[in-house]
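Here's a quick briefing to read alongside the coordinates. Have the viewer open and follow along by chain and residue number.

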Amino acid sequence: MTPLAYILAAQAADPEVIDRIPSGFSAFVLPFTIGVAFMFSWIGVGLIRLLAAIPKSDRIKFAKSLFIPKTALKNIKDLFCDCLFHTKIWQRKPLLGYMHSAIAFGWFMIIILGHIEVALFVPARLNVARGGLFYPIFYRYFVWMNPGHTTLRGAFFFFLMDFFLLYILSGIALAIFKRFRSIVLGMRHTTKPSLADRVALYSLWLIFPLRLLAESFTADLSGGSFLTVPVNHFWHFLFGDKLWFMPCWWAYSICLGLFFAAMPFSRYMHILTEVLWILLRNAGVEPHHPRKGVAEAEIYACSSCGLCLDACPMNVQKKNLKYSSVYFIRFLRRHNEKKINAIADKCLMCDKCHALCPVGVNAPSLRRAQRATVNNALPYDYSYLSTVGATATSASTLGRATASLRSAPPLASQSEAPVPPLTVPRVAWVAPAKVLPEATNKVLYFAGCMTHLTPRIIKSVEKVFKTAGVDYVFADRDGGICCGRPLMLAGKTEAAAAVIEANKKMIEESGCDTLVLSCPICYKIFKEEYHLEGIKVVHYTQFINDLIISGKLPVQETDRKLVYHDPCELGRGCGVYYEPRAALKRCGTLVKASKEYDESICCGGSLGSLTLDTKDRSKISEASLDSLLANDPQTIVTACPLCLKTFSEAVSNSKNRDINVTVKDFAEVVCP
Amino acid sequence: MKNNILIIGGGPAGLEASAQLQRMGYNVILIEKSPKLGGHLAKWDRLFPDSVPADEVLGSLLRGAEGVKCFTDTDVRAINRLDKSYNVRLTNGITVLSDAVLVASGFDLFDAVKKEEYGYGIYDQVMTNADLEAYFKTGSDPRIEHPGRIGFAHCVGSRDEKAGCRSCSKVCCATAVKQAIEVKQAFPKAEVYCFYMDLRLFGRHYEDIYLKAQKEYGVRFIRGRVAEVSENYDGTLLVKAEDTVAGKPLKVTLDLLVLMAGMRPSASGKAIGDLLEMQVEEDGYFAVRGGIAAGQRSPIPGIFLAGAATGPKTLPETLADARAAAMEVDRYLTEIFPDAKNYKQLVKERW
């Protein structure tokens, strides 16, 4: 190493900062430079591949979105809030939010400030050819403060750099603490780190303490503030006048290099991918494949923070942790085909992980896309549904049971005598749906399959309509076609499209202007996928609330204590939280559940899961029930036939015999 | 040997066991939580396969148990295990010191309200197998007025994971066939349909009544579960089901739908099980010690089980089980119980 005194003599005497090494290079920067160069080339290639995998129309949409002022503003806001400040985590778990934002925002500020310092004091070094890649990072090593020439401006930056370093260190301290006692930061479960995660994690823990060490060792030469200077004095006190600082800078550089080299294979990839994902998300581009294109950005934007572990209703049992979104995404990254499919099928699709995700990774939609890769190809034969009245074709294969039928008189409904025997199809699959009576009224009520399985809802909805004098047509009184949402959730998108087409035709031909649905599952798909021009699609909670407000439906206030359960598809799925509560407040005292609104726990009956067994489901029901019973309500009110059914069973099977609560549908409570 | 034996449950199992044990010379105390002895048998009109009146069977059971100390309207308040015996406090204030306890708590019928898609309690024209028996017994039910078309839905609360009932209830298939015949006898012009998923007619003569139902009575059997039921404007029922043999969905309008509610572990039996901390298996019925080889001993020494407390059983099976339980009790009270010195060792070896 060149003697320091020699270099100093060569400098002009005046400037505040002296670039003490003319070459602007020292061998210790190599680990960092190699690591970061590797990371950037990896990401560059990845970015090109990713963009190439996005369909052209989406690519154009994405490019355009960057220049639409509204989207651009939202991008900026989201980038700051989601990537740097982590406002979503702050809102839920302040300590955890502090930890994340300390590391993210603090680091960001140190990098920015480092570059500003270089730009102000040694602008030539910003040039990549002259060390621009590493110089701002190791600025403190390369410069010498000209004693007696320090300005307020310089001191200001010294202060800021020390401040943000301390800020980060506090975050790191919390992070280390969290590894051992996550519950203190509000997390019951945390993810298990993979090997690359561990390498990156431990280097990340070391980077900033080492930076403090390195900068404090050189603080008497290159300057410092309230943190580095006292520490520097301490070292002098400990080791005497001669401080051997090179090992610290080497260690600092090696840790940085290791971190960046491990980054593409670790959870920390999210630091950069998040940016791309937020831009794509705000552009409204959706994944078409569970792994390629947009999905890839989404997968790599997952920070593996594990907030979804506590969110997932399946995790009331520890054995189900492996089905959480964070692991689903990890296996997607690793292309572990077998595990991916098992996990994708297990999910209840309650969307809570999506709602609580700090970066808004839509894992349920990825799971759906994954299901589609398998299930779309499954052959089902629906042809029989259109063979109306063709008993003879299968007569030869009839067993003993139907043999006796053939000689028997035809089994037809009494009201419509000349119907062919036994074969009146329940649904006409994609065949034209039945024509409804022309709606002189403008309200069409579609109950859907699930409501048909809970006839008391139909009874009470019809009672509400009659009481309020609503002129309506009951679209599927004698049964109708599935809305398509269950098929969609199962990944059978093509089959769902066929169903949607048939239903859409039926609704459009009815001439209604309002479509009322009593099932949130139907509501979501009717609202999102049907694109019914000129028809207002409302959930019955909204419709009934309007009836109450307009005075058409009188309600009686009772002193019953009610608790409202937010059905997944209605709350998180469609954002309907207000109307049911508004109506219920007029019917009784509405008490709180321990988890509600977007944190509401799935009842466990969800159609979303393809493989979760009854036992696991009942555990989820119990957890959800416990949350609802937090404030001793007398009645649990829900606005979903599936939740109604599930909770009714859960209450009657509950091990807790003391619970004395009835489960009722929204319409039943409003119009008893 | 005048050991006290407490029998919990005055249904067929409890009655038969108390008759047997009394004959062996024991001092039997029978308790029944309802006002009347006989359990579900007392509510039934006729029994499969040969349609003997239930009253006749119950009568002979009651005659057999004559002389047994019997408390109706009585439940167990507390049970304490003493050294070898049990100190049982009853709800009528009496305390019994019993050397053996036989739990014959039977079953509850599945609450058909839980299967909401079938509309029990919502639609007027839906009833259960028990309701139909009550009609046969009393001759009146507002739901039955010359029904033209009657359906029987099998497996309501049996073999239905979604309803939380995995096991087969054993008796409903034969009961449905019996009731279908009886309905046809009462209303010869009615059309009767049975919606089944499997017909489990395993017992002696069961197949005979099944064939008779088809040949002589024209009852129609449709293989497929009822999916859902809705009500028409005129109060009739629209039943949607699938004929899996023909591979076609079907709709049928009915005047009456009878739900074959299955057997569930009895709630009061469970309460007694809780008092005793007795092991319950996944299906909700009590676990027996020694598996199929010895089906009447509970895991707790001195506590015996009989009848539907250990799973669905037909009446003959229940009676056989009760007799076997009586033998087990006797063996315990003569071979193990009196040997105060070696009691613990003997229990270890032979319980």
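What follows goes from the overall picture to cores, a buried helix, two helix pairs and a couple of individual residues.

This is a predicted model, so treat everything below as computed from predicted coordinates. Chain A has 672 residues, 46% of which count as buried, and its secondary structure comes to 31 helices and ten strands. If you look at contacts in chain A with a separation of 6 or more, 77% of them link residues 24 or more positions apart.

**Nonpolar cores**

- The largest nonpolar core holds 184 residues, and the members touching the most others are Phe259(A), Leu515(A) and Ile544(A).
- Helix α12 of chain A, residues 246-262, supplies the largest share of that core with ten residues.
- A second core sits separate from it, with 107 residues, including Val76(B), Phe110(B), Leu259(B) and Ala306(B).
- As background, nonpolar side chains in soluble globular proteins tend to be buried together.
- Leu515(A) is worth clicking on: leaving aside residues up to four places away in sequence, it touches Leu444(A), Phe446(A), Ile507(A), Phe526(A), Leu532(A), Ile535(A) and Val537(A).

**Helix α26 of chain A**

- Eight of the ten residues in α26(A), which spans 540-549, are buried, so the rest of the structure largely encloses this helix.
- The buried set is Tyr540(A), Thr541(A), Gln542(A), Phe543(A), Ile544(A), Asn545(A), Leu547(A) and Ile548(A).
- Ile544(A) from that set also turns up among the three residues that touch the most other members of the largest core.
- The cover over these buried residues includes helices α22 (455-468), α28 (578-585) and α31 (666-670) of chain A, along with strands β5 (514-517) and β6 (536-539).
- Just past the helix, Gly551(A) adopts a positive phi of about 85°.

**Helix pair α13/α14 in chain A**

- The axes of α13(A) (residues 270-283) and α14(A) (residues 294-301) come within 8 Å and cross at roughly 135°, so the two helices are oblique to each other.
- The crossing is left-handed.
- On the α13(A) side, the contact uses His270(A), Thr273(A), Glu274(A), Leu276(A), Trp277(A) and Leu280(A), and on the α14(A) side Val294(A), Ala297(A), Glu298(A), Tyr300(A) and Ala301(A).
- By class, that contact has seven nonpolar, two polar and two charged residues.
- Arg281(A) belongs to α13(A) too, and it counts as buried because 23 other C-beta atoms lie within 10 Å.
- From Arg281(A) to Val294(A) is 13 residues in sequence and 8.6 Å in space, C-alpha to C-alpha.

**Helix pair α1/α7 in chain B**

- Here α1(B) (residues 12-23) and α7(B) (residues 315-336) have axes that come within 8 Å and cross at roughly 40°, which makes this pair oblique.
- This crossing is right-handed.
- Pro12(B), Ala13(B), Glu16(B), Ala17(B), Gln20(B) and Leu21(B) of α1(B) meet a set of α7(B) residues including Leu315(B), Asp321(B), Arg323(B) and Val329(B).
- Sorted by class, the contact comes to ten nonpolar, two polar and three charged residues.

**A buried glycine in a loop**

- Gly479(A) sits in the loop between β4 (472-474) and α23 (485-489) of chain A.
- Why does Gly479(A) count as buried? Because 20 C-beta neighbours fall inside 10 Å, and 20 or more is what the buried class takes.
- Gly448(A) is 31 residues from Gly479(A) along the chain, with 7.9 Å between their C-alpha atoms.

Key. Residues numbered from 1 in each chain as written. Chains lettered and ligands numbered in written order. Predicted model: local features only at pLDDT ≥ 70, side-chain atom pairs only at ≥ 80, totals over all residues. Axes fitted to C-alpha atoms, helices over the stretch in contact; angles between N-to-C directions. Helix = DSSP H or I, 4+ residues; strand = E, 2+ residues; numbered from the N terminus. Parallel < 35°, antiparallel > 145°, perpendicular 65-115°, else oblique. Left-handed = near helix turned anticlockwise from the far one by under 90°. Contact = placed C-beta atoms within 7 Å. Nonpolar A, V, L, I, M, F, W, Y, C, P; charged D, E, K, R; others polar. Buried ≥ 20, exposed ≤ 12 C-beta atoms within 10 Å, placed from the backbone. Core = buried A, V, L, I, M, F, W, Y, C linked by C-beta atoms within 7 Å.
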